[in-house]
Amino acid sequence: MKSNKDFFDFGKEQFEKLKGFLEEFETQFEKGAKDAKDAFEKDMKQFASFVSEKKEKIKEDREENLKQLDQLMEAFSTFSEALKKEVPKTKKAFANYKSAILEGILQLEFALKEARTHLSLGIKARLQQFKTRLDDYRLEVAATDTPDQENLNAQRIKLGEGVEYMKKRIEWEKDKNAKIDQFAEEVTSSFENIKKTFADIFK
């Protein structure tokens with residue numbers, strides 16, 4: 001989603017609007033059947049448009065969000081494989097390792113940049129924390145041609161743990177955002193039930 005709102009925050013906002021509509025209708029109904037019928041016919045037309053519009057918007061945002069999360073997961077998985085290799089001892093082997101790691105970091109950062117506008121605030125904060133650790137490792141690797149193998153391997157392992165955490169977090173975000181379809185269907189179902197119930201009343 002391109003705003004800073006989480007999907008669930010957005011969903012709650014729409015539910016509150018639905019709730020407000022029902023409360024207003026209940027008030028009108030208590031005033032009398034004729035007034036309620038007039039309010040029903042007017043508001044149902046407006047709310048039908050609202051439900052349809054918001055359902056499509058939520059669906060579009062969800063699909064874009066899941067697409068970006070899939071791409072981000074792929075980038076983290078690729079980088080995870082590169083990090084599994086131990087830091088070489090020899091200068092020549094380290095040169096190859098350095099080239100591969102720095103290229104992997106660039107690709108991961110590109111994926112992070114591309115996905116950033118479509119992510120929730122929660123995962124953005126965790127990605128920022130991860131990026132700090134990523135930058136530290138890049139500087140250590142880039143700054144030397146003769147590696148301190150013990151030190152770099154220790155940092156590599158910690159960075160790898162960060163990568164695995166982010167992969168789990170991305171999966172959690174995907175599961176969470178996939179539930180938006182259920183929310184949209186529940187809103188639609190509730191709306192249809194409301195229409196049927198009050199249409200029967202005014203027959």
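# Charge pairs and helices

Student: At what N to O distance do the side chains of Lys174 and Asp70 meet in a salt bridge?
Tutor: The model is predicted, so local features need pLDDT of at least 70 and side-chain atom pairs count only at pLDDT 80 or more, while totals for chains, interfaces and linings use all residues. Residues are numbered from 1 along each chain as its sequence is written, and side-chain values use heavy atoms, with hydrogens and water left out. A salt bridge is a side-chain nitrogen of Lys or Arg within 4 Å of a carboxyl oxygen of Asp or Glu. For Lys174 and Asp70, the N to O distance is 2.7 Å.

Student: How many residues apart are Lys174 and Asp70?
Tutor: Lys174 is in helix α5 (residues 149-178) and Asp70 is in helix α2 (residues 33-83). Helices (H or I, at least four residues) and strands (E, at least two) are DSSP runs, numbered from the N terminus. The pair links distant parts of the chain, and its separation in residues is 104.

Student: Is Asp70 buried, partly exposed or exposed?
Tutor: Buried means under 20% relative accessible area, exposed over 50%, and partly exposed in between (1.4 Å probe, protein chains only). Asp70 has a relative accessible area of 40%, so it counts as partly exposed.

Student: Which residue meets Asp145 in a salt bridge?
Tutor: Asp145 lies in the loop between α4 and α5, and its partner is in helix α3, 47 residues apart. Asp145 is partly exposed because its relative accessibility is 48%. The partner is buried because its relative accessibility is 13%. The two side chains meet at 2.9 Å, N to O, and the partner is Lys98.

Student: Which residues does the salt-bridge network hold besides Asp135 and Arg138?
Tutor: The side chains of Asp135 and Arg138 meet at 2.6 Å, N to O. The two are 3 residues apart in helix α4, which means a separation of about one helical turn. Asp135 has 22% relative accessibility and so counts as partly exposed, and Arg138, also at 22%, counts as partly exposed. Salt bridges that share partners join this pair into one network with Glu109 and Lys131.

Student: Which residues form the negative surface patch that includes Asp136?
Tutor: Patches are made of residues with over 30% relative accessible area and no salt bridge, with like charges joined within 9 Å and nonpolar side chains (Val, Leu, Ile, Met, Phe, Trp, Tyr) within 5 Å. Asp136 is in helix α4 (residues 121-142), and its relative accessibility is 44%, so it counts as partly exposed. Asp and Glu count as negative. The patch is formed by Asp136, Glu140, Asp148 and Glu150.

Student: What span does helix α3 reach from its first C-alpha to its last?
Tutor: Helix α3 (residues 91-115) has 25 residues. Its expected span is 1.5 Å times one less than its number of residues. Buried residues in α3 include Phe94, Tyr97 and Ile101. The span reached is close to the expected value, at 36 Å.

Student: What distance separates the C-alpha atoms of Pro88 and Asn153?
Tutor: Pro88 is in the loop between α2 and α3. At a relative accessible area of 17%, Pro88 is therefore buried. Pro88 and Asn153 are 65 residues apart along the chain, and their C-alpha atoms are separated by 9.3 Å.

Student: What percentage of the residues of the chain count as buried?
Tutor: The chain has 6 helices and 0 strands. Of its 203 residues, the buried share is 39%.

Definitions and conventions:
Areas by Shrake-Rupley, 256 points an atom, 1.4 Å probe, with all protein chains shown as cover. Charge placed at Lys NZ, Arg CZ, Asp CG, Glu CD.
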